[in-house]
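Thanks for agreeing to look this over with me. My notes follow as numbered points, so you can check each one against the coordinates.

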Amino acid sequence: MMISHLPLRLLAAAITPLLVLHTQAAHCAPAAAAVSAETRLDHISVAVTGKGSPVILIPGLSSPRATWDEVVPALAKSHRVYLVQINGFGGDAPGGNLKPGILDGVVSDLSGYIATNKLGQPAIVGHSLGGLVGLMFAKAHPDQLSRLMVVDSLPFYGMLFGPTATVAMIEPRGRAMRDQMIAQYGKPADTSGTEAVANGLALKPGSRTKVKAWMAAADPRVSGAAMYEDLTTDLRPVMPSITTPITLVYPWDVTNRPEAMVGALYKSAYGTAPHVTYVAVGDSAHFVMLDQPALFQQALETFLTH
């Protein structure tokens, strides 16, 4: 399930519904642009489309590469687009993601893929869990990327519980959620609570429909383990050392996520990093690229050309 960095009003309510998970479903639709055959690695697969300077797109928890369908066709006209999918999401087999160390494994696979394919220093864009992976990558391999866009993701999920939250405080709850999510593998799907979760992650009806389908297609064993790793990863201490230029895109809406409140949270989270640009996208929720594809496309083009 996509719990990473939920809207503030849903945080408490989401703890119980998000324990309800799903059995595996068929593959979600591929990206709208024509893509090459996948390269499958231990923790990820990568599909490629377009020509030009390289950009890598990493979706979030339980999300397939179809997350980027609205922006890939235009992006592929001037960029070689590398569409990552974490094994176990989008109906894919889990590969090496049934063992601990999923996030570190994704970072390692990405580093090897960039080196093997001589991509130089591509731009990287990560949503939610993918944004956390992007930050981890920038810390571990600063010479393998030119810039990083993080879409609605925090360096530590626990910040939503308050400024004094620590990994030790979050870990017991995360462990319990992980174990209950994993226990749903192979059982009949129970969709109670799914509607509320999807409604919090996206504002538009069509966006919510996509999110619900993606949730159902994810392997709960991988979702649970990856969620736990997200919850228990705190990158705040290393933010000052991440010298890669970061563009932070965050959604807001008048009713549930006032811009001033959300902006203050993200500026406190990223304020210690040396080079950060903040981009607020109104009338959107967590899946900014679904709710406001034109505005997100504009932010993406600015990020890649300036």
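1. Let me begin with a small puzzle: is D152 buried or exposed? Before the answer, one caution: this is a predicted model. D152 turns out to be buried, as its relative accessible area is 0%. That residue sits in the loop that joins β6 (147–151) to α5. Its backbone is worth a glance too, since D152 has a positive phi of about 50 degrees and is not a glycine.

2. S62 makes a good companion to D152. Here phi is near 65 degrees, again a positive value in a residue other than glycine. You will find S62 in the loop between β3 (53–58) and α2 (72–75). With a relative accessibility of 0%, S62 counts as buried. If you check backbone torsions, these are two loop residues to look up, S62 and D152.

3. Now for the overall picture. The protein contains 11 helices and 8 strands. Of its 306 residues, 58% are buried. Looking at contacts with a separation of 6 or more, 80% of them come from residues 24 or more positions apart.

4. Helix α8 deserves its own paragraph. It covers residues 220–231, which is 12 residues, and spans 16 Å from its first C-alpha to its last, close to the 16 Å expected at 1.5 Å a residue. How many of its residues are buried? The count is 12 of the 12, so α8 is largely enclosed by the rest of the structure. Among these buried residues are the charged side chains R221, E229 and D230, alongside others such as V222, M227, Y228 and L231. The cover over the buried residues of α8 includes α3 (102–116), α4 (129–140) and α5 (167–182).

5. Two of those covering helices, α3 and α4, also pack against each other. Their axes are 10 Å apart and the packing angle is about 60 degrees. The two helices are therefore oblique to each other, and α3 passes α4 in a right-handed crossing. On the α3 side the contact is made by L103, D104, V106, V107, L110, S111 and I114, and on the α4 side by L129, L132, V133, M136, F137 and A140. By class, the residues of this contact are 11 nonpolar, 1 polar and 1 charged.

6. A second helix pair to inspect is α6 (residues 194–201) with α7 (residues 205–217). The axes of α6 and α7 come within 9 Å and cross at roughly 125 degrees. This pair is therefore oblique as well, and α6 passes α7 in a right-handed crossing. From α6, the residues T194, E195, V197, A198, N199 and L201 meet R208, V211, K212 and M215 of α7. This contact has 5 nonpolar, 2 polar and 3 charged residues.

7. Last, a loop residue that links distant parts of the sequence. T243 lies in the loop between α8 and β7 (246–252). Which residues does T243 contact, leaving aside its neighbours within four places in sequence? They are P274 and H275. T243 and R147 are 96 residues apart in sequence, while their C-alpha atoms are 9.4 Å apart in space.

Technical notes: Residues are numbered from 1 along each chain as its sequence is written. This is a predicted model: local features need pLDDT of at least 70, side-chain atom pairs count only at pLDDT 80 or more; totals for chains, interfaces and linings use all residues. Side-chain values use heavy atoms; hydrogens and water are left out. Helices (H or I, at least four residues) and strands (E, at least two) are DSSP runs, numbered from the N terminus. The expected span of a helix is 1.5 Å times one less than its number of residues. Buried means under 20% relative accessible area, exposed over 50%, partly exposed in between (1.4 Å probe, protein chains only). Contact means heavy atoms within 4.5 Å. Axes are lines fitted to C-alpha atoms, for helices over the stretch in contact, and angles run from 0 to 180 degrees between N-to-C directions. Angles under 35 degrees count as roughly parallel, over 145 as roughly antiparallel, 65 to 115 as roughly perpendicular and the rest as oblique. A crossing is left-handed if the near helix is turned anticlockwise from the far one by less than a right angle, and right-handed if clockwise.
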